[in-house]
Amino acid sequence: TNMSHDQASVDQLRTVLSQTLSPDADVRRSAEQHLSQAQKTAGHPLHVLRIVASNDAADASVRQSAAVHFKNIVRRGWDEHAEGGTDGIVISPADRDLIKRNLVELMCTVPPRIQS
């Protein structure tokens, strides 16, 4: 089912995001490369949002990292006609719709520290 595939993607993404916080530069670099590939796939922003929205206190640093990543995707990818291009980031119409609908809800549930 699509849902369990989504969950697998979210779990993998959570792992990759935690690797971006690694003290090991090679681990970080490879995680960042993974993210820059992933952000070109449909559904990716929503997977990131699900991590930001998860109320897992143990995952605070990963959620923070996800929030920053999400902000960068939207900032670079939202305007398809941006002068500097979108770095290959694709936010599909369906994703845009879901992002708009979920964002407000998210703002109400996210700890203030992440909202900045």
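The following conversation concerns salt bridges and one helix in a predicted model.

Me: What kind of model is this, and which residues count for local features?
Reply: The model is predicted; local features need pLDDT of at least 70, side-chain atom pairs count only at pLDDT 80 or more, and totals for chains, interfaces and linings use all residues. Residues are numbered from 1 along each chain as its sequence is written, and side-chain values use heavy atoms, with hydrogens and water left out.

Me: How many salt bridges are there?
Reply: The count comes to seven, where a salt bridge is a side-chain nitrogen of Lys or Arg within 4 Å of a carboxyl oxygen of Asp or Glu.

Me: Which residue meets D6 in a salt bridge?
Reply: R50 does, at 3.8 Å from N to O. D6 is in helix α1 (residues 2-19) and R50 in helix α3 (residues 44-53), 44 residues apart. Helices are DSSP runs of H or I with at least four residues, numbered from the N terminus.

Me: And E80, which residue is its partner?
Reply: E80 pairs with R96, the closest N and O atoms being 3.9 Å apart. E80 lies in the loop between α4 and α5 (93-109) and R96 in helix α5, so the pair ties together parts 16 residues apart in sequence.

Me: Is R96 buried or exposed?
Reply: R96 is buried, with a relative accessible area of 13%, whereas E80 is exposed at 55%. Buried means under 20% relative accessible area, exposed over 50% and partly exposed in between (1.4 Å probe, protein chains only).

Me: Changing topic, which residues of α4 are buried?
Reply: Among them are V62, R63, F70 and I73.

Terms used. Helices (H or I, at least four residues) and strands (E, at least two) are DSSP runs, numbered from the N terminus.
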